[in-house]
Amino acid sequence: MRYDVAVIGGGPSGAVAAAVLAKAGISTVLIERNLDNVKPCGGAIPLGLIEEFQIPAELIEKKLSRMRARSPKGRIIEMHMPNGYVGMVRREKFDRYLRSEAERAGAVIVEGLVKSISHSGDGFVINTLNDKVAPLRARKIIGADGANSKTADELHFPLNELKVIAMQQRFKYTPAIQKFSDIVEIWFDGEVSPDFYGWIFPKADHLAIGTGTEDKRHNLKALQKRFIEKIGITDAPYLDEAAKIPMKPRKSFTQEKAILVGDAAGLVTPANGEGIFFAMRSGKLGAQAMIEHIKNKTPLQNYEKEFRKLYAPIFFGLEVLQAAYYRNDRLRESFVAICADDDVQQITFDSYLYKKMVPAPWSTQMKIFSKNIYHLIKGC
Ligand SMILES: Cc1cc2nc3c(=O)[nH]c(=O)nc-3n(C[C@H](O)[C@H](O)[C@H](O)COP(=O)(O)OP(=O)(O)OC[C@H]3O[C@@H](n4cnc5c(N)ncnc54)[C@H](O)[C@@H]3O)c2cc1C
């Protein structure tokens, strides 16, 4: 049997793509290396995503509308989201649910690590390491296999070398850390991360605490250890996890017969490392373009054009923010000071929750600009 589309990788991007394709009557196989995979991830997702993809309430372990930003000198700015919340999910459950939706829509799910992809006639042959699975044939491919995408390598997509290495530890609640159970906390502190940030994300029965860095000269485990010490946790974690986060879209993530979505395409925003939203949105947009391509012969490039049109301004804005403020503790101190401004909070939350850049009135922009200059000069 030859499938219309093979989706490689069953994380959020691949599962959404497979569901959209199968719902449209496209014969689809989803190949996931490990159906019990636990993706290392903070699992923070915005309200806009929960609404758009109708994520069931039981998967949202916490709805958090309070957030704290902490500066290198220990200054704390507490922020409130009046019109929304950050949802906390646990990836092992979340990914399983998304894959089950793809299966329900009619996609065939196969377990196997893809080890090679070759061109054959007008399609592809995909070989996995699972002896029980015969080579799979498909006319088109969607590569959704994460930051170290085998699909991208096999099909010679442009390289994507800019990656944060992030680690996270899970701590069961004890009376000492219960105080973190209803607030998102972000640490902008060079001792915790020299070029990214540290996070404390509360889940139903544990805290997920992590940090990351792009700078290979730093020892990630040592940064995480210092973070845990600074928070004051003395108990041991029950789980350690680590993975790469791509921090820049590939130069191109579309070919004539194949596309990349999610982390495989590098679709994670700089500065905050947010990837689940963009994985699911790119999975959906990519699958829609694939359907049009198969049914009406429209070019697959439409997917990349549409994604960039919608989200390039957000990626650009966050890249500028990271370059401007994440370089040293003096700049981080200024950044946290600016977060105290109500207008800054409003713009941040509006764009985070629904990923829409709503330009503030000129007077507000000028006020924020002046405050930026003031804090940058003053260094706090
Ligand atoms: C420590 C950490 C914390 C994070 N926290 C957040 C957060 O709080 N919020 C947020 O929005 N983002 C977060 N991210 C980023 C987020 O996890 C990713 O952007 C998101 O998972 C991307 O989804 P994806 O489906 O594209 O890729 P993935 O989730 O990586 O899924 C890829 C899938 O492909 C499978 N696969 C890989 N290779 C093969 C192969 N050769 N054959 C078959 N299958 C294969 C894998 O098993 C996996 O299931 C975090 C990342 C890390 C590392």
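**Close-up views of the ligand and its surroundings**

**View 1. Polar contacts of the ligand.** In this predicted model, an oxygen atom of the ligand is placed 3.2 Å from a polar backbone atom of Pro 12. The side chain of Glu 32 also takes part, with one of its polar atoms lying 2.6 Å from a ligand oxygen atom, while Ile 276 contributes a backbone N or O atom that lies 2.9 Å from an oxygen atom of the ligand. Of the 1000 Å² of accessible area that the ligand has on its own, the protein covers 95%.

**View 2. The shell of residues around the ligand.** Two or more residues of this shell come from each of the elements α1 (12-23), β2 (28-32), β14 (198-202), β16 (239-246) and α6 (276-296). There are 36 residues around the ligand, and those that come nearest are Glu 32, Arg 33, Gly 42, Arg 91 and Asp 263. By residue class, the shell divides into 16 nonpolar, twelve polar and eight charged residues.

**View 3. The ligand between two domains.** Because domain 1 (2-42 + 90-160 + 250-316) and domain 2 (48-89 + 162-246) both give residues to the shell, the ligand lies between them.

**View 4. The protein that frames these close-ups.** The secondary structure comprises ten helices and 17 strands. The radius of gyration is 21 Å, close to the 21 Å that the globule rule gives for 380 residues, so the protein is as compact as a globular protein of that length. Its C-alpha trace spans about 65 × 50 × 40 Å along the principal axes, and buried residues account for 57% of the 380 residues.

Terms used. Residues are numbered from 1 along each chain as its sequence is written. This is a predicted model: local features need pLDDT of at least 70, side-chain atom pairs count only at pLDDT 80 or more; totals for chains, interfaces and linings use all residues. Side-chain values use heavy atoms; hydrogens and water are left out. A residue is near a molecule or strand if one of its heavy atoms lies within 4 Å of it. A polar contact is a pair of N or O atoms within 3.5 Å; within protein, one must be able to donate a hydrogen and the other to accept it, and residues adjacent in sequence count only if both atoms are side-chain atoms. Accessible areas come from the Shrake-Rupley method with a 1.4 Å probe; for residues, only the protein chains shown count as cover. Helices (H or I, at least four residues) and strands (E, at least two) are DSSP runs, numbered from the N terminus. Ala, Val, Leu, Ile, Met, Phe, Trp, Tyr, Cys and Pro count as nonpolar, Asp, Glu, Lys and Arg as charged, and the others, Gly among them, as polar. Domain bounds come from an automatic or database domain assignment. The radius of gyration is taken over C-alpha atoms; the globule rule is 2.2 Å times the number of residues to the power 0.38. Buried means under 20% relative accessible area, exposed over 50%, partly exposed in between (1.4 Å probe, protein chains only).
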